[in-house]
Amino acid sequence: MITLRRATLDDADFLFALRTDPVTARNSLQPPPNKARHRRWLEERLSDTATKLYIVEVDGQPIASGRLDCRAKGVWLNLTVAPWHRGQGHAEKIIEALVAEAKTINAPEVRAIVQADNVASHKAFLGAGFTSAYLVEYVRPL
């Protein structure tokens, strides 16, 4: 069973490992950070009342992270599944759990950005009831 718990500074190493995984880095909109910059980012997110950062667990073991960024027009959802748990059908359930959390903060809608070639994420979001608002959002890394 998937459970969400709020992230803490104690989760810094796990979150850094997820963020710097090569597949995650390739699908991210930002380049991977160094450890010090990631720690600052984590401290900022944990103190930001508009951000809800979660550790996703199965049987008490962390398998992913999830984040809800609350904005005026809705909530932006972000998730990263640990490499050793990909392909096991967790992503769709994680998305559904994060959407349930978004409902508790009365968000008018939940949005996510997925890279055009990230087939697994597209399948997970479509399976969780999302529809594409745009055909493709183009991104060019610098």
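**From helix α4 to the sheet and its cores**

H90 belongs to helix α4, which covers residues 90-104. The model is predicted, and the values below are computed from it. With a relative accessibility of 14%, H90 counts as buried, because the cut-off for that class is under 20%. Which residues does H90 touch, once neighbours within four places in sequence are set aside? They are I2, V58, I63 and H85.

Some of these contacts lead to the sheet. The sheet is open and has 5 strands, in the order β1-β2-β3-β4-β5, and the pairing is mixed. At its edges lie β1 (2-6) and β5 (110-111), each of which pairs on one side only. Helix α1, residues 12-20, packs on the sheet and touches β2 (51-58), β3 and β4. The direction of α1 makes about 80° with that of β3. Another helix, α3 (residues 35-47), lies across β2 and β3, and runs at about 105° to β2.

Within the sheet, β3 (residues 61-71) and β4 (residues 74-81) run antiparallel and are joined by 8 bridges. One position shows this pairing at residue level: R67 has N78 in β4 as its bridge partner. N78 is itself a residue of strand β4. Is N78 buried or partly exposed? Its relative accessible area is 32%, so N78 is partly exposed. Not counting residues up to four places away in sequence, N78 touches S65, G66, R67 and L98. From N78 to E57 the separation is 21 residues in sequence and 16 Å in space, C-alpha to C-alpha.

L98, one of the residues in contact with N78, also takes part in the largest nonpolar core. That core has 20 residues, and those touching the most other members are L68, L77, L79, I94, I95 and L98. Two or more residues come from each of β2, β3, β4, α4 and α5 (119-127). Which element gives the largest share of this core? It is α4, with 5 residues. I95 can be followed in more detail: leaving out residues up to four places away in sequence, I95 touches L77, L79, A124, F125, A128 and F130.

Apart from this core lies another, of 9 residues, including A12, L15, L42 and L53. L53 sits in strand β2. Its relative accessibility is 4%, and L53 therefore counts as buried. Beyond its neighbours within four places in sequence, L53 is in contact with R5, R6, A7, L15, W41, L42, L46, G66 and R67. Two of these, L15 and L42, are named above as members of the core that holds L53. G66 and R67, in turn, are also touched by N78. L53 and L126 are 73 residues apart in sequence, and their C-alpha atoms are 22 Å apart in space.

A last position lies in helix α2, residues 22-27, where T24 is found. T24 has a relative accessibility of 11%, so this residue counts as buried. With residues up to four places away in sequence not counted, what does T24 touch? The contacts are L18, R19, T80 and R86.

Note on methods:
Residues are numbered from 1 along each chain as its sequence is written. This is a predicted model: local features need pLDDT of at least 70, side-chain atom pairs count only at pLDDT 80 or more; totals for chains, interfaces and linings use all residues. Side-chain values use heavy atoms; hydrogens and water are left out. Two strands pair if DSSP finds at least two bridges between them. Helices (H or I, at least four residues) and strands (E, at least two) are DSSP runs, numbered from the N terminus. Contact means heavy atoms within 4.5 Å. Axes are lines fitted to C-alpha atoms, for helices over the stretch in contact, and angles run from 0 to 180 degrees between N-to-C directions. Buried means under 20% relative accessible area, exposed over 50%, partly exposed in between (1.4 Å probe, protein chains only). A nonpolar core is a set of buried Ala, Val, Leu, Ile, Met, Phe, Trp, Tyr and Cys residues joined through side-chain atoms within 4.5 Å.
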